[in-house]
Amino acid sequence: MEATGTDEVEKIKSKFMSAWHNMKYSWVLKTKTYFSRNSPVFLLGKCYHFKTDESGELSTNGSNFDKINTEISGNVDEFRKDFISRIWLTYREEFPQIKGSALTTDCGWGCTLRTGQMLLAQGLLLHFLGRAWVWPDALDIDGSDSESWTAHTVKKLTASFEASLTAEREPKILSNQHQGTLKRNCDDNEMRDEVYHRKIISWFGDSPLAAFGLHQLIEYGKKSGKIAGDWYGPAVVAHILRKAVEEARDPELQGVTVYVAQDCTVYSSDVIDRQCSFMDSGKADTKAVIILVPVRLGGERTNMDYLEFVKGILSLEYCVGIIGGKPKQSYYFAGFQDDSLIYMDPHYCQSFVDVSIKDFPLESFHCPSPKKMSFKKMDPSCTIGFYCRTVQDFEKASEEITKMLKSSSKEKYPLFTFVKGHSRDYDFASSPLREENDLFSEDEKKRLKRFSTEEFVLL
C-alpha cells in the first residue's frame, strides 16, 4: 500500500513537472524568429536565399507569411517546408512506465536523448528517403497555432491536477489539426515515401518495443552507469545511439551502421570495416554509416574561432546535424544564418502518441517554426553527425572535411582528425570479446563513464 502511495505521489509530481516545463518553454515556441533578407540560410546542406531590394528582416511565424514580398515567398515556403519535414522529437508524458522506475515522462532530464534521436532520425531520412524528400503536408501545419499553446498548457495543468486527485485518466484536449487528415491522390512513390516516413517515426515511439525509443535508449544507457532521470551528455548519447542501431532487429535497419569517433579521431579502416560487414540477410554488401564525432569547442565557453568550421559542417549535404545546446539544455542544431544557429527545441512536453496504431497523427512530430541562437551561447560539448551511403561517399567526405578542418584551424591541432588504418594500429588495445548479454566492452564502459563527466583533453 505504501508503494502504491509513493507511485501516486510520483505520478502527480511528474504531471506538475510536465506542466511546469511547458509553461517554462512554451514562450520559445510562441516567440517569432526573424531571418535577415540579405544573408543566405543553410539547413543541413541546403542553401536558401530570401534576398530582396529592401533591407530588413522577415519572421517565420506562419501567420505572417502572406505579408512577405512575393519575390521571395516561394523560397521562404521551400525553406519552411524543408525545415518542418525534419523529424521533431520532444519531451512526452503519459507514456508506458520506464522499467525500473515510476517515470512516465522525460520532462526535465531527457532533452539530450531527444536531440540524439532527432540526429539519428535525420540520418534515417537520408537513408530511406533522400535529402530532397519533403513531407507533403508540411505547410498544412499552422505555425500561428503556437500562439494558443500557453493557454493549452494552463488547461492541461488544471485538468491534470484534477485527474490526479480523482484517480481519473487525464482528459485529452485535442487541437483542430488532429481532428482529421487531408486525403490526396498519391502515386506509388508518394505512398512508398509515406510508408517510410511513418516507419521512421515509429522506430522512435515512446514504448519499450520501439528500436530507438526512449525506453530502449535508457536500457543501453544503464551499461554506462546512467538511469532514467539522469542527465545525459552528447558524447554518452552518441555511444548509446551506436549500440541501439547495432542491436536493432528490424530487417530494414540491417543496411545501416553507426561509428563513434575515438578521442576525436575517425579511423578510416574501422569505418570501412563496418560498412563492408555482412548483412543479416546473408548477402555481402556495403552498409551506410552514420559517423558521430563527440568534440569540445573550447574550455568553459565555446571558442568563436570554431564558428566557421561549424558553419562549414552544417553546409555539407551529408551532415545530419549536431547534438548540442546551451549548458544543461540540449538542442538539435540543423543550420545557420550569419552567426546564429538554427535549431529544434525538445523541451516542449507533448502527450504520448501510440505509433503502433494505423494512421497515427504525425503533426506533433514536426516542428512548425525554426528557432535561432547566437553561436557564442552554445555549450562547447557537442556531437557532430555525418551520413555516408557508400564507402566511396565516406572517402569523399573524409577528404572534404579534412580540408575544412585544416583551413578553419588556427591552432596546431584540428578539432578532430581522419587517419588511415585501424585504431589497433595506433597502439590502442583492441576490444575484448564480449559476452552475449554484455552490450558494452570494458573499454567502452570506461570511455562512457569518462564522457559522462564531459571531460575532454584539449590539445
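## Strand pairing, cores and a buried arginine

Ile 323 stands opposite Tyr 332 in strand E10, and this pair is a convenient entry to the sheet around E10. The model discussed here is a predicted one.

**The sheet around E10**

Strand E9 (residues 319-326) and E10 pair in the antiparallel sense over 5 bridges. These two strands, E9 and E10, form a hairpin with 2 residues between them, and Lys 328 in that turn has a positive phi of about 60 degrees. E10 also pairs with E11, again in the antiparallel sense and over 5 bridges, and within this pairing the bridge partner of Phe 336 is Leu 341 in E11. A further partner is strand E2 (residues 41-43), which runs antiparallel to E10 and is joined to it by 2 bridges, with Leu 43 standing opposite Gly 335. As for its surroundings, E10 is mostly covered, since 9 of its 9 residues are buried.

The pairing continues beyond E10, for E11 and E13 run antiparallel and are joined by 4 bridges. Leu 341 has Met 373 as its bridge partner in E13. Strand E13 (residues 371-374) has two unlike faces, a covered one formed by Lys 371 and Met 373 and an uncovered one formed by Lys 372 and Ser 374.

| Strand pair | Sense | Bridges |
|---|---|---|
| E2 and E10 | antiparallel | 2 bridges |
| E9 and E10 | antiparallel | 5 bridges |
| E10 and E11 | antiparallel | 5 bridges |
| E11 and E13 | antiparallel | 4 bridges |

**Positive phi outside glycine**

Asp 338 is not a glycine, although its phi is positive at about 55 degrees. The residue sits in the loop between strand E10 (329-337) and strand E11 (340-344), which is the turn of a hairpin with 2 residues between its strands. Asp 338 counts as partly exposed because its relative accessibility is 38%. Cys 264 likewise is no glycine and has a positive phi, of about 65 degrees; its place is in the loop between strand E6 (256-260) and strand E7 (265-267). With a relative accessibility of 22%, Cys 264 therefore counts as partly exposed, given that buried means under 20%.

**Arg 92 without a salt bridge**

Arg 92 belongs to strand E5 (residues 92-93). Although Arg 92 is buried, it has no salt bridge, and the nearest side chain of opposite charge, that of Asp 206, is 4.3 Å away. A salt bridge requires a separation within 4 Å, so the distance of 4.3 Å to Asp 206 does not qualify. The side chain of Arg 92 does make a polar contact, at 3.0 Å, with the side chain of Ser 364. Leaving aside neighbours within four places in sequence, the residues in contact with Arg 92 include Thr 104, Asp 106, Arg 114, Asp 206, Gln 350, Phe 352 and Phe 365.

**Nonpolar cores**

The largest nonpolar core holds 72 residues, of which Trp 109, Leu 124, Trp 203, Phe 204 and Phe 212 touch the most other members. Helix H3 (residues 111-128) gives the most to this core, contributing 9 residues. When residues up to four places away in sequence are not counted, Leu 124 touches Leu 129, Ile 200, Trp 203, Phe 204, Phe 212, Leu 253 and Val 256. Apart from this core lies another, of 40 residues, which has Phe 333, Ile 384, Phe 394 and Leu 405 among its members.

Key:
Residues are numbered from 1 along each chain as its sequence is written. This is a predicted model: local features need pLDDT of at least 70, side-chain atom pairs count only at pLDDT 80 or more; totals for chains, interfaces and linings use all residues. Side-chain values use heavy atoms; hydrogens and water are left out. Buried means under 20% relative accessible area, exposed over 50%, partly exposed in between (1.4 Å probe, protein chains only). Two strands pair if DSSP finds at least two bridges between them. Lys and Arg count as positive and Asp and Glu as negative; His and the chain ends are not counted. A polar contact is a pair of N or O atoms within 3.5 Å; within protein, one must be able to donate a hydrogen and the other to accept it, and residues adjacent in sequence count only if both atoms are side-chain atoms. Contact means heavy atoms within 4.5 Å. A nonpolar core is a set of buried Ala, Val, Leu, Ile, Met, Phe, Trp, Tyr and Cys residues joined through side-chain atoms within 4.5 Å.
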